[in-house]
Amino acid sequence: MFSLGRAFVPAATRAFSTSAPRSTKVAVLGAAGGIGQPLSLLLKQSPLISQLSLYDIVNTPGVAADIAHINTDSKVTGYTPENNGLATALKDSHIVVIPAGVPRKPGMTRDDLFNTNAGIVRDLAIACAEHCPKAHILVISNPVNSTVPIVAEVFKKKGAFDPRRLFGVTTLDVVRASRFVSELKGVSCEDAKVTVVGGHSGVTIVPLLSQVPNGITIAETGAETEALIKRIQFGGDEVVKAKDGKGSATLSMAFAGARFTQSLLRATVGKETGVVEPTFVQSPVMADKGVEYFATNVELGPDGVKNIQGLGSLSASEEKLIEAAVPELQKNIAKGVAFVNGSD
Ligand SMILES: NC(=O)C1=CN([C@@H]2O[C@H](COP(=O)(O)OP(=O)(O)OC[C@H]3O[C@@H](n4cnc5c(N)ncnc54)[C@H](O)[C@@H]3O)[C@@H](O)[C@H]2O)C=CC1
Ligand SMILES: O=C([O-])CC(=O)C(=O)O
(Lines give C-alpha, C1' and ligand atoms only; values in the text may rest on other atoms or scores of the structure.)
(Ligands and ions follow the chains in the order given, each with its own letter.)
Protein backbone atom coordinates (compact mmCIF):
# COMPACT_ATOMS: atom_id res chain seq x y z
CA MET A 1 0.00 0.00 0.00
CA PHE A 2 1.22 3.46 -0.91
CA SER A 3 2.21 5.52 2.06
CA LEU A 4 3.10 9.19 2.03
CA GLY A 5 5.45 8.76 4.94
CA ARG A 6 7.36 5.99 3.26
CA ALA A 7 7.52 7.21 -0.26
CA PHE A 8 7.38 10.94 -0.42
CA VAL A 9 8.81 12.82 2.55
CA PRO A 10 12.30 14.26 2.17
CA ALA A 11 13.62 12.21 5.10
CA ALA A 12 12.62 9.05 3.25
CA THR A 13 14.35 10.44 0.18
CA ARG A 14 17.61 10.63 2.09
CA ALA A 15 17.11 7.18 3.59
CA PHE A 16 16.44 5.58 0.19
CA SER A 17 18.83 7.63 -1.95
CA THR A 18 21.88 5.41 -1.62
CA SER A 19 20.06 2.43 -3.14
CA ALA A 20 18.15 4.42 -5.77
CA PRO A 21 19.01 3.53 -9.37
CA ARG A 22 21.23 6.04 -11.14
CA SER A 23 19.01 6.69 -14.10
CA THR A 24 15.26 6.28 -14.02
CA LYS A 25 13.51 8.77 -16.23
CA VAL A 26 9.79 9.39 -15.84
CA ALA A 27 7.98 11.56 -18.40
CA VAL A 28 4.67 13.33 -17.75
CA LEU A 29 2.73 14.32 -20.89
CA GLY A 30 0.25 17.09 -20.12
CA ALA A 31 2.48 18.19 -17.27
CA ALA A 32 1.26 21.80 -17.15
CA GLY A 33 -2.39 20.85 -16.62
CA GLY A 34 -4.62 20.55 -13.59
CA ILE A 35 -3.43 17.00 -12.91
CA GLY A 36 0.00 17.31 -14.50
CA GLN A 37 1.30 20.01 -12.16
CA PRO A 38 0.49 18.43 -8.78
CA LEU A 39 1.38 14.99 -10.14
CA SER A 40 4.79 16.28 -11.17
CA LEU A 41 5.18 17.90 -7.77
CA LEU A 42 4.47 14.60 -6.02
CA LEU A 43 6.77 12.67 -8.35
CA LYS A 44 9.59 15.13 -7.58
CA GLN A 45 9.53 13.66 -4.09
CA SER A 46 10.17 10.11 -5.29
CA PRO A 47 13.68 8.84 -4.58
CA LEU A 48 13.20 6.25 -7.32
CA ILE A 49 13.17 8.87 -10.08
CA SER A 50 16.41 10.42 -11.31
CA GLN A 51 14.95 12.52 -14.13
CA LEU A 52 11.49 14.02 -14.32
CA SER A 53 10.72 15.00 -17.90
CA LEU A 54 7.78 17.38 -18.22
CA TYR A 55 6.05 17.84 -21.58
CA ASP A 56 3.01 19.91 -22.53
CA ILE A 57 1.98 21.96 -25.53
CA VAL A 58 2.18 25.10 -23.35
CA ASN A 59 3.69 26.42 -20.10
CA THR A 60 6.08 23.56 -19.32
CA PRO A 61 9.22 25.71 -19.03
CA GLY A 62 7.67 27.59 -16.10
CA VAL A 63 6.34 24.49 -14.38
CA ALA A 64 9.70 22.73 -14.80
CA ALA A 65 11.69 25.74 -13.54
CA ASP A 66 9.48 25.95 -10.46
CA ILE A 67 9.54 22.24 -9.56
CA ALA A 68 13.28 22.06 -10.31
CA HIS A 69 14.02 24.20 -7.23
CA ILE A 70 12.76 21.50 -4.85
CA ASN A 71 15.77 19.99 -3.10
CA THR A 72 15.33 16.34 -3.93
CA ASP A 73 17.95 14.65 -6.11
CA SER A 74 16.04 14.20 -9.38
CA LYS A 75 16.73 16.48 -12.33
CA VAL A 76 13.71 18.23 -13.88
CA THR A 77 13.50 19.14 -17.56
CA GLY A 78 10.64 20.85 -19.39
CA TYR A 79 9.66 20.59 -23.05
CA THR A 80 7.12 21.99 -25.50
CA PRO A 81 6.64 20.88 -29.12
CA GLU A 82 9.35 23.28 -30.33
CA ASN A 83 12.81 21.87 -31.13
CA ASN A 84 11.60 18.28 -31.29
CA GLY A 85 10.53 18.60 -27.64
CA LEU A 86 8.31 15.53 -27.49
CA ALA A 87 10.99 13.19 -28.81
CA THR A 88 13.55 14.57 -26.36
CA ALA A 89 11.07 14.40 -23.49
CA LEU A 90 10.39 10.73 -24.20
CA LYS A 91 13.83 9.39 -25.11
CA ASP A 92 15.06 6.75 -22.58
CA SER A 93 11.93 7.08 -20.41
CA HIS A 94 11.23 4.15 -18.11
CA ILE A 95 7.66 5.32 -17.42
CA VAL A 96 5.43 7.73 -19.34
CA VAL A 97 2.38 9.07 -17.50
CA ILE A 98 -0.28 10.64 -19.72
CA PRO A 99 -2.77 13.12 -18.24
CA ALA A 100 -2.97 15.15 -21.49
CA GLY A 101 -6.39 16.09 -22.77
CA VAL A 102 -9.54 17.94 -21.88
CA PRO A 103 -11.54 17.36 -18.69
CA ARG A 104 -15.33 17.14 -18.33
CA LYS A 105 -17.75 19.95 -17.70
CA PRO A 106 -21.06 19.43 -15.86
CA GLY A 107 -23.53 17.35 -17.88
CA MET A 108 -20.83 15.53 -19.86
CA THR A 109 -19.95 11.85 -19.67
CA ARG A 110 -16.35 10.71 -19.99
CA ASP A 111 -17.25 9.30 -23.40
CA ASP A 112 -18.13 12.86 -24.49
CA LEU A 113 -14.38 13.59 -24.23
CA PHE A 114 -13.57 10.94 -26.82
CA ASN A 115 -13.69 13.22 -29.87
CA THR A 116 -10.98 15.50 -28.47
CA ASN A 117 -8.89 13.17 -26.35
CA ALA A 118 -8.70 10.13 -28.63
CA GLY A 119 -6.60 12.02 -31.16
CA ILE A 120 -4.37 13.55 -28.47
CA VAL A 121 -3.70 10.15 -26.89
CA ARG A 122 -3.18 8.44 -30.27
CA ASP A 123 -0.57 11.03 -31.32
CA LEU A 124 1.25 10.82 -27.99
CA ALA A 125 1.18 7.01 -28.19
CA ILE A 126 2.73 7.14 -31.68
CA ALA A 127 5.54 9.28 -30.27
CA CYS A 128 6.02 6.86 -27.34
CA ALA A 129 6.16 3.85 -29.67
CA GLU A 130 8.79 5.64 -31.74
CA HIS A 131 10.96 7.18 -29.03
CA CYS A 132 10.57 4.94 -25.96
CA PRO A 133 8.96 1.68 -27.17
CA LYS A 134 9.95 -0.20 -24.01
CA ALA A 135 8.51 2.34 -21.57
CA HIS A 136 5.62 1.56 -19.25
CA ILE A 137 2.68 3.70 -20.40
CA LEU A 138 0.24 4.92 -17.72
CA VAL A 139 -2.93 6.38 -19.23
CA ILE A 140 -4.91 8.88 -17.17
CA SER A 141 -6.64 10.76 -20.03
CA ASN A 142 -10.34 9.98 -20.32
CA PRO A 143 -12.23 8.04 -21.42
CA VAL A 144 -9.76 5.49 -20.00
CA ASN A 145 -11.91 2.56 -21.19
CA SER A 146 -11.20 3.73 -24.76
CA THR A 147 -7.83 5.50 -24.51
CA VAL A 148 -6.04 2.38 -23.22
CA PRO A 149 -7.13 0.33 -26.29
CA ILE A 150 -6.06 3.28 -28.46
CA VAL A 151 -2.52 3.12 -27.06
CA ALA A 152 -2.49 -0.68 -27.47
CA GLU A 153 -3.54 -0.49 -31.12
CA VAL A 154 -0.92 2.16 -31.88
CA PHE A 155 1.80 0.03 -30.28
CA LYS A 156 0.57 -3.08 -32.14
CA LYS A 157 0.85 -1.23 -35.45
CA LYS A 158 4.42 -0.30 -34.58
CA GLY A 159 5.21 -3.90 -33.55
CA ALA A 160 5.99 -2.68 -30.04
CA PHE A 161 2.99 -3.80 -27.97
CA ASP A 162 3.78 -5.50 -24.69
CA PRO A 163 0.57 -5.86 -22.61
CA ARG A 164 2.67 -6.00 -19.44
CA ARG A 165 3.60 -2.37 -19.98
CA LEU A 166 0.26 -0.66 -20.62
CA PHE A 167 -1.91 0.50 -17.73
CA GLY A 168 -5.12 2.46 -17.43
CA VAL A 169 -4.87 4.38 -14.17
CA THR A 170 -7.97 3.50 -12.12
CA THR A 171 -6.35 4.11 -8.75
CA LEU A 172 -8.63 7.05 -7.99
CA ASP A 173 -11.61 4.70 -7.85
CA VAL A 174 -10.10 2.70 -4.99
CA VAL A 175 -8.80 5.83 -3.27
CA ARG A 176 -12.33 7.27 -3.32
CA ALA A 177 -14.00 4.00 -2.37
CA SER A 178 -11.72 3.65 0.63
CA ARG A 179 -12.43 7.21 1.77
CA PHE A 180 -16.21 6.86 1.31
CA VAL A 181 -16.34 3.57 3.25
CA SER A 182 -14.21 5.04 6.01
CA GLU A 183 -16.58 8.02 6.33
CA LEU A 184 -19.67 5.81 6.30
CA LYS A 185 -18.40 3.26 8.80
CA GLY A 186 -16.32 5.54 11.00
CA VAL A 187 -13.14 3.51 10.45
CA SER A 188 -9.63 4.38 9.32
CA CYS A 189 -8.93 4.57 5.58
CA GLU A 190 -6.04 2.18 6.21
CA ASP A 191 -8.59 -0.48 7.21
CA ALA A 192 -11.21 0.43 4.61
CA LYS A 193 -9.60 -1.31 1.65
CA VAL A 194 -12.02 -1.67 -1.24
CA THR A 195 -11.38 -3.70 -4.36
CA VAL A 196 -12.82 -1.97 -7.42
CA VAL A 197 -12.96 -3.79 -10.75
CA GLY A 198 -14.22 -3.17 -14.28
CA GLY A 199 -13.42 0.11 -15.98
CA HIS A 200 -13.30 3.82 -15.25
CA SER A 201 -16.71 5.33 -15.95
CA GLY A 202 -20.15 5.11 -14.35
CA VAL A 203 -21.55 1.60 -14.25
CA THR A 204 -18.26 0.08 -15.41
CA ILE A 205 -16.82 0.98 -11.98
CA VAL A 206 -17.70 -2.01 -9.80
CA PRO A 207 -16.81 -1.95 -6.10
CA LEU A 208 -16.66 -5.37 -4.46
CA LEU A 209 -18.00 -4.34 -1.07
CA SER A 210 -18.52 -7.94 0.08
CA GLN A 211 -14.72 -8.30 0.07
CA VAL A 212 -13.92 -5.33 2.34
CA PRO A 213 -11.65 -6.80 5.04
CA ASN A 214 -10.92 -6.00 8.68
CA GLY A 215 -14.37 -6.83 10.04
CA ILE A 216 -16.07 -3.96 8.18
CA THR A 217 -19.44 -5.27 7.07
CA ILE A 218 -21.52 -3.67 4.38
CA ALA A 219 -25.01 -5.03 3.75
CA GLU A 220 -25.43 -6.63 0.32
CA THR A 221 -28.60 -4.66 -0.40
CA GLY A 222 -30.50 -1.68 1.00
CA ALA A 223 -30.56 2.08 0.54
CA GLU A 224 -27.25 2.75 2.31
CA THR A 225 -25.35 0.25 0.15
CA GLU A 226 -27.03 1.43 -3.03
CA ALA A 227 -26.06 5.02 -2.25
CA LEU A 228 -22.48 3.99 -1.47
CA ILE A 229 -22.14 2.07 -4.76
CA LYS A 230 -23.58 5.02 -6.68
CA ARG A 231 -21.20 7.42 -4.95
CA ILE A 232 -18.19 5.26 -5.86
CA GLN A 233 -19.37 4.87 -9.46
CA PHE A 234 -20.14 8.57 -9.89
CA GLY A 235 -17.55 10.13 -7.55
CA GLY A 236 -16.02 11.95 -10.51
CA ASP A 237 -19.35 13.69 -11.18
CA GLU A 238 -19.38 14.98 -7.59
CA VAL A 239 -16.13 16.86 -8.28
CA VAL A 240 -17.17 18.01 -11.76
CA LYS A 241 -20.35 19.48 -10.26
CA ALA A 242 -18.54 21.17 -7.38
CA LYS A 243 -15.95 22.68 -9.74
CA ASP A 244 -18.87 24.08 -11.73
CA GLY A 245 -17.33 24.24 -15.20
CA LYS A 246 -13.70 24.57 -14.07
CA GLY A 247 -12.77 20.95 -14.71
CA SER A 248 -12.76 17.64 -12.89
CA ALA A 249 -10.71 15.94 -10.19
CA THR A 250 -7.09 17.09 -10.35
CA LEU A 251 -5.60 16.97 -6.84
CA SER A 252 -7.02 13.59 -5.77
CA MET A 253 -6.09 12.29 -9.24
CA ALA A 254 -2.54 13.56 -8.84
CA PHE A 255 -2.35 11.71 -5.50
CA ALA A 256 -3.72 8.54 -7.10
CA GLY A 257 -1.46 8.84 -10.17
CA ALA A 258 1.61 9.36 -7.99
CA ARG A 259 0.65 6.35 -5.89
CA PHE A 260 0.39 4.13 -8.97
CA THR A 261 3.62 5.45 -10.50
CA GLN A 262 5.48 4.96 -7.24
CA SER A 263 4.12 1.41 -6.90
CA LEU A 264 5.28 0.58 -10.41
CA LEU A 265 8.71 2.06 -9.67
CA ARG A 266 8.95 0.00 -6.47
CA ALA A 267 8.20 -3.17 -8.44
CA THR A 268 10.31 -2.40 -11.53
CA VAL A 269 13.41 -0.51 -10.42
CA GLY A 270 13.10 -1.18 -6.68
CA LYS A 271 12.61 -4.93 -7.32
CA GLU A 272 10.13 -5.04 -4.45
CA THR A 273 7.88 -8.09 -4.48
CA GLY A 274 4.18 -8.29 -3.62
CA VAL A 275 3.28 -4.82 -4.95
CA VAL A 276 -0.41 -4.91 -5.90
CA GLU A 277 -2.46 -2.13 -7.47
CA PRO A 278 -5.79 -2.05 -9.29
CA THR A 279 -5.39 -1.16 -12.96
CA PHE A 280 -7.16 -1.45 -16.32
CA VAL A 281 -5.03 -3.78 -18.44
CA GLN A 282 -5.33 -6.32 -21.20
CA SER A 283 -6.77 -9.10 -19.09
CA PRO A 284 -8.05 -12.69 -19.32
CA VAL A 285 -10.52 -12.11 -16.46
CA MET A 286 -13.53 -11.23 -18.64
CA ALA A 287 -12.13 -12.30 -22.00
CA ASP A 288 -14.79 -15.02 -22.36
CA LYS A 289 -17.41 -12.22 -22.22
CA GLY A 290 -15.71 -10.38 -25.07
CA VAL A 291 -14.07 -7.81 -22.77
CA GLU A 292 -10.38 -7.56 -23.65
CA TYR A 293 -9.38 -4.92 -21.09
CA PHE A 294 -10.54 -5.05 -17.51
CA ALA A 295 -9.42 -3.60 -14.18
CA THR A 296 -8.69 -5.89 -11.25
CA ASN A 297 -5.95 -5.98 -8.67
CA VAL A 298 -2.70 -6.69 -10.46
CA GLU A 299 0.59 -7.77 -8.94
CA LEU A 300 3.37 -5.66 -10.43
CA GLY A 301 6.80 -7.09 -11.13
CA PRO A 302 10.11 -6.20 -12.77
CA ASP A 303 8.50 -6.15 -16.26
CA GLY A 304 5.24 -4.47 -15.27
CA VAL A 305 2.15 -6.71 -15.07
CA LYS A 306 3.20 -9.88 -13.24
CA ASN A 307 -0.01 -11.54 -12.10
CA ILE A 308 -3.56 -10.44 -12.88
CA GLN A 309 -5.76 -11.37 -9.97
CA GLY A 310 -9.26 -12.74 -10.52
CA LEU A 311 -12.52 -11.46 -9.10
CA GLY A 312 -12.66 -13.65 -5.99
CA SER A 313 -16.03 -14.66 -4.62
CA LEU A 314 -18.84 -12.30 -5.56
CA SER A 315 -22.24 -11.68 -4.04
CA ALA A 316 -25.29 -12.03 -6.30
CA SER A 317 -25.56 -8.21 -6.42
CA GLU A 318 -21.95 -7.88 -7.49
CA GLU A 319 -22.51 -10.43 -10.27
CA LYS A 320 -25.32 -8.17 -11.51
CA LEU A 321 -23.13 -5.06 -11.36
CA ILE A 322 -20.51 -6.83 -13.45
CA GLU A 323 -23.14 -7.95 -15.94
CA ALA A 324 -24.22 -4.31 -16.30
CA ALA A 325 -20.62 -3.20 -16.88
CA VAL A 326 -19.91 -5.71 -19.68
CA PRO A 327 -21.84 -4.16 -22.62
CA GLU A 328 -20.57 -0.67 -21.79
CA LEU A 329 -16.98 -1.89 -21.61
CA GLN A 330 -17.34 -3.81 -24.89
CA LYS A 331 -18.63 -0.64 -26.56
CA ASN A 332 -15.94 1.67 -25.11
CA ILE A 333 -13.11 -0.73 -25.99
CA ALA A 334 -14.39 -1.32 -29.54
CA LYS A 335 -14.63 2.44 -30.06
CA GLY A 336 -10.97 2.91 -29.12
CA VAL A 337 -9.83 0.02 -31.33
CA ALA A 338 -11.86 1.30 -34.30
CA PHE A 339 -10.51 4.81 -33.87
CA VAL A 340 -6.95 3.67 -34.55
CA ASN A 341 -7.68 1.04 -37.15
CA GLY A 342 -10.00 3.25 -39.14
CA SER A 343 -7.61 6.18 -39.14
CA ASP A 344 -4.86 5.04 -41.48
N1 LIG B 1 -8.06 8.36 -14.90
C2 LIG B 1 -8.66 9.10 -14.00
O3 LIG B 1 -9.03 8.61 -12.94
C4 LIG B 1 -8.87 10.56 -14.24
C5 LIG B 1 -8.69 11.10 -15.48
N6 LIG B 1 -8.86 12.44 -15.70
C7 LIG B 1 -8.64 12.93 -17.07
O8 LIG B 1 -7.33 13.51 -17.16
C9 LIG B 1 -7.30 14.42 -18.26
C10 LIG B 1 -6.62 15.72 -17.87
O11 LIG B 1 -7.36 16.40 -16.89
P12 LIG B 1 -6.88 17.82 -16.31
O13 LIG B 1 -5.45 17.77 -15.97
O14 LIG B 1 -7.85 18.22 -15.30
O15 LIG B 1 -7.04 18.74 -17.62
P16 LIG B 1 -6.32 20.14 -17.92
O17 LIG B 1 -7.05 20.75 -19.07
O18 LIG B 1 -6.18 20.93 -16.69
O19 LIG B 1 -4.87 19.70 -18.37
C20 LIG B 1 -4.65 18.97 -19.54
C21 LIG B 1 -3.30 19.37 -20.08
O22 LIG B 1 -3.07 18.62 -21.27
C23 LIG B 1 -2.37 19.46 -22.16
N24 LIG B 1 -2.45 18.95 -23.51
C25 LIG B 1 -3.46 19.04 -24.42
N26 LIG B 1 -3.09 18.45 -25.57
C27 LIG B 1 -1.84 17.98 -25.39
C28 LIG B 1 -0.93 17.29 -26.22
N29 LIG B 1 -1.22 16.97 -27.49
N30 LIG B 1 0.28 16.98 -25.71
C31 LIG B 1 0.59 17.29 -24.43
N32 LIG B 1 -0.22 17.96 -23.61
C33 LIG B 1 -1.43 18.29 -24.08
C34 LIG B 1 -3.02 20.82 -21.99
O35 LIG B 1 -2.18 21.87 -22.49
C36 LIG B 1 -3.20 20.87 -20.49
O37 LIG B 1 -2.10 21.47 -19.84
C38 LIG B 1 -8.77 14.59 -18.69
O39 LIG B 1 -9.01 13.81 -19.83
C40 LIG B 1 -9.54 14.05 -17.50
O41 LIG B 1 -10.81 13.58 -17.86
C42 LIG B 1 -9.19 13.27 -14.68
C43 LIG B 1 -9.37 12.78 -13.41
C44 LIG B 1 -9.27 11.39 -13.09
O1 LIG C 1 -14.90 12.51 -13.58
C2 LIG C 1 -14.05 12.84 -14.43
O3 LIG C 1 -14.34 13.25 -15.56
C4 LIG C 1 -12.62 12.70 -14.07
C5 LIG C 1 -12.39 11.34 -13.58
O6 LIG C 1 -12.18 10.41 -14.34
C7 LIG C 1 -12.61 11.09 -12.16
O8 LIG C 1 -12.65 12.03 -11.35
O9 LIG C 1 -12.74 9.91 -11.80
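Hi everyone, this is a short walk through the domains, the core and one helix pair of this chain. Keep in mind as you look that this is a predicted model.

Let's start with the layout. The domain assignment splits the chain into domain 1, residues 14–170, and domain 2, which is written in two pieces, 172–252 + 273–334. Their C-alpha centres sit 23 Å apart.

Now, where do they meet? On one side 26 residues of domain 1 make contact, and on the other 27 residues of domain 2. Looking at the domain 1 side, helix 7 and strand 6 (166–168) each bring at least two residues. Helix 7 is the biggest contributor there, with six residues. By class, that side of domain 1 holds 13 nonpolar, seven polar and six charged residues.

So helix 7 deserves a closer look. Helix 7 covers residues 144–157, and its axis comes within 8 Å of the axis of helix 12, residues 316–341, crossing at roughly 35 degrees. That crossing is right-handed. Among the residues making the contact are Pro 149, Ile 150 and Val 154 from helix 7, and Leu 329, Ile 333 and Phe 339 from helix 12. Counted by class, this contact has eight nonpolar, six polar and two charged residues.

Last stop, the inside. The largest nonpolar core has 98 residues, and the members touching the most others are Val 96, Ile 98, Leu 138, Val 139 and Val 151. Both domains feed this core, with at least three residues from each. If you zoom in on Ile 98, you'll find Leu 29, Gly 30, Val 121 and Leu 124 among its contacts, and also the run Ile 137, Leu 138, Val 139, Ile 140 and Ser 141.

Thanks for listening!

Note on methods
Residues are numbered from 1 along each chain as its sequence is written. Chains are lettered from A and ligands numbered from 1 in the order in which they are written. This is a predicted model: local features need pLDDT of at least 70, side-chain atom pairs count only at pLDDT 80 or more; totals for chains, interfaces and linings use all residues. A nonpolar core is a set of buried Ala, Val, Leu, Ile, Met, Phe, Trp, Tyr and Cys residues joined through C-beta atoms within 7 Å. A residue is buried if 20 or more other C-beta atoms lie within 10 Å of its own, exposed if 12 or fewer, and partly exposed in between; C-beta atoms are placed from the backbone. Domain bounds come from an automatic or database domain assignment. Two residues are in contact if their C-beta atoms, placed from the backbone, lie within 7 Å. Axes are lines fitted to C-alpha atoms, for helices over the stretch in contact, and angles run from 0 to 180 degrees between N-to-C directions. Helices (H or I, at least four residues) and strands (E, at least two) are DSSP runs, numbered from the N terminus. A crossing is left-handed if the near helix is turned anticlockwise from the far one by less than a right angle, and right-handed if clockwise. Ala, Val, Leu, Ile, Met, Phe, Trp, Tyr, Cys and Pro count as nonpolar, Asp, Glu, Lys and Arg as charged, and the others, Gly among them, as polar. Lists of a residue's contacts leave out its neighbours within four places in sequence.
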